Amino acid sequence: MKPAVLRAIGVAGLVTTALTVWLGLWVTPPDQVQGNLVRLLYLHPAIAFDALYVAGGLAALGSLLYLWRRTRSLFWDRLAAASVEVAAVLCALTLVTGSLWGRPTWGVWWTWDARLTSTALLLVLLLGYMALRRVPAAPEVRARRCAVAALIAAADVPIVHFSVDWWQTLHQSGTILNPELTAHIHGSMAWTFLLGFIAITLDTTWLIATRYRIEVLQDALGDEELEVSLAERWAEGLPEAPDPRAEPVTLAVEPPGGRP
Amino acid sequence: MWRDAVLVAGKDLRIEARSRVALWQILPFAALSLVLFAFALGPGPRVLRQAAPGLFWLAVLFSTVLATQRSFAIESGEGTRDGLRLSGIDPAGVFMGKAAAVAVQLALLQVVLYAGMILLFGVHVRVVWLAVVASLLATVGLAAAGVIYGALSAGLRVRETLLPLLVLPVVAPVLLAGSRAWAAAITGPVSAGLPWLRILGAFAVVYVVLGVVLYGPLQEAA
């Protein structure tokens, strides 16, 4: 992605987020039933949506396309890694905002409800991927390992969802995307809600793209450091004029079969 | 693939029969965890009986982690993995074989654990077929998921700490569905247990298929 495009997305994300906050906190009326608590809902569903479908979806897609031989390139691996990290942040934010909303509404910070439980499990799965990613390895090895781990975890998400859904449920079902498509929301509230989705999606895109760039730069830095230390090792082997100021040095004898 | 799977499973089980690590380490660990759960919950028979299905599956889950760790520890000897890779055995066969060996061990472990539950918690399964089917499906799923992650973390220096973090959240649905199905088998009604069999079945199918497809790239990566 070109830096100018990235910057434009960042600015757009910032503006729409600020606008959502302004509309959500000052312009829109309080809800008939929920009062001011409704204001949290301009962000919470949007964050959850982006965590699962945008960042989570990109992570699964990137891993799948990396493993598929025809499309194998480090681009997909880095995209997946960047998306997983952003998904983890959004997932944690979903839990935090949901918890803040649940305390006054349900009277508890946490409940063993289906969506809460599956979101928490998803967060742990994402953390597992990040832990695996931190294990040092050659880029290709790491990429393949992480892609497999991501796909296995992704396959788990629907199973987790169904199992906890049957376990017990307290969370309301979707309001906007209900089967009859008969949502009744006040005009300014609906627009703020929609704007929240756009804002968070822009933010998510910017975060993933920026994280991707950092990933590229990190890899480049790693290569650079390798080059530099290789050059240093080569230089050690060259005969040097003895420095008169230096202390006499006794070289430690490397054991046979030591580091090459 | 099937012939290779039988070969690999036979090899793993033979090593197990001779080394007896599962018998003398994993099995006592599982039994110990039952006793520890009882300590944590107190000796009241009602509480223990109610919690029994969950405790049983929790013990099985922890043992799965140990069993898969062991399954790849026997491959960690000098050049063993390269040998297996160079032997021309189909990766899917290796996966099926290792998963089958782990599944056999887990199934035996569950029999012993169930005996322990009868002895310590006074719990009896009323609907035997429901419990057996749930156990078989869960065992296949646990072994498949465990072996994939075992292969993933084999050869890493941090495998002991990484494996539980990767495996346990993934197999959480098995804990949930297994406990519910067993609770239904113990106290009834049977109809309450049936949907959970579907979850266990779906889990088993998904992870066996994923293992067969992904084991090749995984073996290359390690």
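Axes here are lines fitted to C-alpha atoms, for helices over the stretch in contact, and angles run from 0 to 180 degrees between N-to-C directions. Helices (H or I, at least four residues) and strands (E, at least two) are DSSP runs, numbered from the N terminus. The model is predicted: local features need pLDDT of at least 70, side-chain atom pairs count only at pLDDT 80 or more, and totals for chains, interfaces and linings use all residues. Residues are numbered from 1 along each chain as its sequence is written, while chains are lettered from A and ligands numbered from 1 in the order in which they are written.

**First selection: a helix pair across the chains**

Select residues 139–167 of chain A, helix α5, together with residues 172–187 of chain B, helix α8. Their axes come within 9 Å and cross at roughly 30 degrees. The crossing of α5(A) past α8(B) is left-handed (the near helix is turned anticlockwise from the far one by less than a right angle; clockwise would be right-handed). Next, display A:I159, A:V160, A:S163, A:V164 and A:W167 on α5(A), and B:A172, B:P173, B:L176 and B:A177 on α8(B), the residues that make the contact (C-beta atoms, placed from the backbone, within 7 Å). Eight of these residues are nonpolar, one is polar and none is charged (nonpolar: Ala, Val, Leu, Ile, Met, Phe, Trp, Tyr, Cys and Pro; charged: Asp, Glu, Lys and Arg; polar: the others, Gly among them).

**Second selection: the whole interface**

Extend the selection to the 25 residues of chain A and 24 residues of chain B that form the contact between the chains. On the side of chain A, the elements giving two or more residues are α4 (114–133) and α5, and α5(A) gives the most, with 17 residues. This side of chain A divides into 20 nonpolar, two polar and three charged residues.

**Third selection: chain B**

Chain B has nine helices and zero strands. Its C-alpha atoms fill a box of roughly 55 × 30 × 30 Å, taken along the principal axes. Buried residues make up 49% of its 222 residues (buried: 20 or more other C-beta atoms within 10 Å of the residue's own; exposed: 12 or fewer; partly exposed: in between; C-beta atoms are placed from the backbone).

**Final selection: A:A87**

Finish at A:A87, which touches A:A51, A:A55, A:G56, A:A59 and A:L126, not counting residues up to four places away in sequence.

Definitions and conventions:
Contact = placed C-beta atoms within 7 Å.
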